[in-house]
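Trainee: I would love a close look at one part of this structure. Could you walk me through it step by step?

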Amino acid sequence: MRVLLVEDHRAMREMIADHLKERGFAVDSVGRGDHAMAAAAVARMDAVILDLGLPDMDGMDVLTWLRTAHPELPAIILTARDSVDDRLLGLNSGADDYIVKPFNLLELEARLRAVLRRAGSPRGTTYSLGGVTFDTVTREAAAFGKALELTRREAALLEELMRMPGQVITKDRLEDRLYALEDAGSANALEAAVSRLRRKLAAAHASLQIETKWGIGYRLIAGAAEGGAQ
Ligand code: CA
């Protein structure tokens with residue numbers, strides 16, 4: 001899940017981003033309205049968390065633009081403006097939720113997951129295939145009941161693959177889901193993450209293979225390795 005976080009207060013932005021990354025989200029953080037629109041225009045986001053008091057424009061103008069350019073994109077307003085009029089304006093302008101500062105990080109995360117669910121993203125669930133399970137809320141993976149130690153990114157990769165088993169998922173899509181704009185630049189990061197995940201699945205004797213479709217992407221299939229090179 002990829003989230004665009006728009007917040008000009010640096011410490012708050014970093015605190016929220018760190019928490020969400022810790023919880024398995026890819027987070028693009030920006031501090032200005034124009035940067036928010038640029039980020040939303042170039043990458044497919046799953047949700048936006050939007051501060052209203054921004055240095056270059058009002059967050060409400062960003063919301064208005066979002067509702068036109070990306071009408072399906074869930075947006076949560078996160079602001080110090082706490083009057084009923086402000087809340088009504090935000091919700092009536094197309095925000096999916098409205099959170100007043102100060103707020104609790106866990107509540108923000110829970111509300112984010114709630115708007116993602118309503119937007120049709122898979123609800124908190126456990127995927128299971130080839131003896132491997134992955135809990136999308138706790139971020140815990142296990143092979144035949146034994147915990148798999150995965151990095152945050154390996155877990156996100158496994159989640160994306162398990163979401164659509166048997167289907168080829170393009171490298172572009174995986175990179176888009178796994179890496180925020182600020183992480184871009186390492187061309188082989190995805191390949192490296194796939195290799196590490198493969199090794200860990202093999203070490204755990206999981207009946208799960210990550211097949212490479214050269215030049216296209218990857219596909220997760222159930223079944224033991226047949227010793228063939230990939
Ligand atoms: Ca602000």
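Which residues coordinate the calcium ion?

Mentor: Happy to help, and please keep in mind that this is a predicted model. The calcium ion is held by Asp8 and Asp51, each through OD, and by Gly53 through O, at 2.2 to 2.4 Å. Along the sequence, these donor residues follow the spacing D-x42-D-x1-G. The two aspartates link distant parts of the chain, being 43 residues apart. Aspartate 8 sits in the loop between β1 and α1 (10-22), while aspartate 51 belongs to the loop between β3 and α3 (59-69).

Now let us step back to the strands that lead into those loops. Both β1 and β3 belong to an open sheet of 5 strands, with parallel pairing and the order β2-β1-β3-β4-β5. At its edges stand β2 (26-30) and β5 (97-100); each has a single partner strand, so one side of each is left without a neighbour in the sheet. On average, neighbouring strands here are turned by 20 degrees against each other, direction ignored. For a closer view of one pairing, find strand β4 (residues 75-79), which runs parallel to β5 and is joined to it by 4 bridges. In that pair, threonine 79 has valine 100 of β5 as its bridge partner. Next, look for helix α5 (residues 105-118), which lies across β1 (2-6), β3 (47-50), β4 and β5. Its direction makes an angle of about 175 degrees with β5.

There is another sheet to compare with. This open sheet has 4 strands in the order β6-β7-β8-β9, and its pairing is antiparallel. Here β6 (126-129) and β9 (146-148) are the edge strands, each with a single partner strand, so one side of each is left without a neighbour in the sheet. Neighbouring strands of this 4-stranded sheet are turned by 25 degrees against each other on average, direction ignored. Between β6 and strand β7 (residues 132-135) there are 4 bridges, and leucine 129 stands opposite valine 132 in β7.

Helix α6 lies across β6, β7 and β8 (141-143), at about 110 degrees to β7. Helix α6 (residues 152-163) also packs against helix α7 (residues 171-178), with the axes 10 Å apart and an angle of about 130 degrees. That angle makes α6 oblique to α7, and the crossing is right-handed. On the α6 side you will find Arg153, Ala156, Leu157 and Glu160, which meet Arg173, Leu174, Arg177 and Leu178 in α7. Sorted by class, this contact has 4 nonpolar, no polar and 4 charged residues.

Methods:
Residues numbered from 1 in each chain as written. Predicted model: local features only at pLDDT ≥ 70, side-chain atom pairs only at ≥ 80, totals over all residues. Heavy atoms only, no water. Pairing = 2+ DSSP bridges. Axes fitted to C-alpha atoms, helices over the stretch in contact; angles between N-to-C directions. Contact = heavy atoms within 4.5 Å. Parallel < 35°, antiparallel > 145°, perpendicular 65-115°, else oblique. Left-handed = near helix turned anticlockwise from the far one by under 90°. Nonpolar A, V, L, I, M, F, W, Y, C, P; charged D, E, K, R; others polar. Donors = N, O, S within 2.8 Å, 3.2 Å for Na, K, Ca; no water.
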